[in-house]
Amino acid sequence: MIDNYLEELRRRLPRALAGERFVAEAEAHLRALAEEHGEEEALRRFGSVRLVVARVAPELAAGVSARSSRIVLGAALLFVLPLYVIPEHTFPPAPRPVPVEIAWEHTGALGAFVLAFVAAASATALRGRLRVGLLSVAVAGLLTSLVLSMWVDAKWPDYVPGSAGEIVWGVLVPLELALLIAATGAWARIPHASRAAARL
Amino acid sequence: MRSEVLKGHLDLILLATVAARPAHGYRIVEDLRTRSAGAFRLSEGTIYPALYRLERAGLLTSRWDASGARKRRVYRVTRAGRRELALRREDWQSFAAAVEAVVA
C-alpha cells in the first residue's frame, strides 16, 4: 500500500519540481508510522495524495524558482570576469579602446549582459509568472551576450596588434564555449522547471 | 483543536518544537502531539510544506541523517530561526495575555 502511495505521489509531483526529496521524506515518515500503527493507519494520518500534493507542490515550486533565480544571477556574475575584465584589461596591449570594427558587437554583448543581470537580479526578488518571464529574459540575455562575446574575442587579435592570440584561442574561446553549453543547458532546464512552478 | 486555529500559529509551534531538539518530520509530529497532550493533530503529510517554507526563509536547516536504520532528513533551527522564535514567542505571550484578560 505504501509503495502504491509513493508511486502515486511521484506521478503527481511534476518532475521539474525535484520532488524526490519530499518523496524520500514521505517514505521514511510513512514506514516509521506503519511500524507503530500499520500501513492503513499510516496512510490515513499522512493524508490523501491529492491533499498532500496540493500543499507541498507550491512550496517545492517556490524553492525551485528561487534557486533558478540565484543560479542565473550567479552565472551572470561569473560571465563578467572571463568575458570582459580579463580580455580588455589584462591581455597585452591592454588597456586599449575597443576597435571600431567590432564596436557594435562589443556594445551588444555588454547591453545583453546588463539586461540579463538586471532581469536575474529582479527575478530573485519576485515570485510566480513574473519571475519566470524575467528568468527567461535573463537566460536569453546571457546566451546573446556569450555569442557576441565569442565573436568579439575571436576577432580581437585581428584588430588589436600585439594581442595574445594563443590565449584567446587556447583559454578564452574554449571557456566561453563551455559557458555557452552550460547556459544552453540552463535555457533548456530552468525555464521549464520554473514554468512548471508557475502553473501550480 | 480546530485546524484553522493551529494554522495561524504553525510556524511558531514548529520553530519551538525543533528548537527543543533537532528532529525529522515524523519525530516533529510526535513531539508536537506529546507536548500538546494530544491537542495538535495535524495531517502528517501537511507538516512538510511548513518545514520547507521555514527552511527557505532561513529559519530552519536540514540534512540527511543515515546513522539509523532508515535515512531521514533532520531539521535544526538556525541562528536566525532562534531570533525569530524569540520574537514570535514574545508576540504570542502578549497576545495570549490580552486574550486571557478579555475572555476570562
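Start at the boundary between chain B and chain A, where the rule finds three salt bridges. Keep in mind that you're looking at a predicted model.

For one of those bridges, select B:R56 and A:E59: their closest N and O atoms sit 2.8 Å apart. While you're zoomed in, turn on polar contacts too; ten residue pairs make them across this interface, with both partners at pLDDT 80 or more.

Next, color chain B by secondary structure. On the side that touches chain A, α3 (25–35), α4 (47–56), β2 and β3 of chain B each put in at least two residues. Pick out α4(B), which gives the largest share, six residues. Sort that whole side of chain B by class and you get eight nonpolar, five polar and eleven charged residues.

Now show both sides together. The contact draws 24 residues from chain B and 23 from chain A. Between them the two chains bury about 2,000 Å², and 55% of that is on carbon and sulfur atoms. Then select B:Y26, B:Y52 and B:R56: this trio supplies 31% of the area chain B buries against chain A, more than any other three residues.

Last stop: the strands of chain B. Select β2 (residues 60–65) and follow the six bridges that join this strand to β3(B), running antiparallel. The two form a hairpin, with six residues between them. To see one pairing, click B:T61 and look opposite for B:R76 in β3(B).

Then add β1 (residues 23–24), which is antiparallel to β3 (residues 72–77) and joined to that strand by two bridges. Here B:H24 has B:V74 as its bridge partner.

Conventions. Residues are numbered from 1 along each chain as its sequence is written. Chains are lettered from A and ligands numbered from 1 in the order in which they are written. This is a predicted model: local features need pLDDT of at least 70, side-chain atom pairs count only at pLDDT 80 or more; totals for chains, interfaces and linings use all residues. Side-chain values use heavy atoms; hydrogens and water are left out. Two strands pair if DSSP finds at least two bridges between them. Helices (H or I, at least four residues) and strands (E, at least two) are DSSP runs, numbered from the N terminus. Contact means heavy atoms within 4.5 Å. Buried area is the accessible area (1.4 Å probe) that two parts lose on being put together, summed over both. A salt bridge is a side-chain nitrogen of Lys or Arg within 4 Å of a carboxyl oxygen of Asp or Glu. A polar contact is a pair of N or O atoms within 3.5 Å; within protein, one must be able to donate a hydrogen and the other to accept it, and residues adjacent in sequence count only if both atoms are side-chain atoms. Ala, Val, Leu, Ile, Met, Phe, Trp, Tyr, Cys and Pro count as nonpolar, Asp, Glu, Lys and Arg as charged, and the others, Gly among them, as polar.
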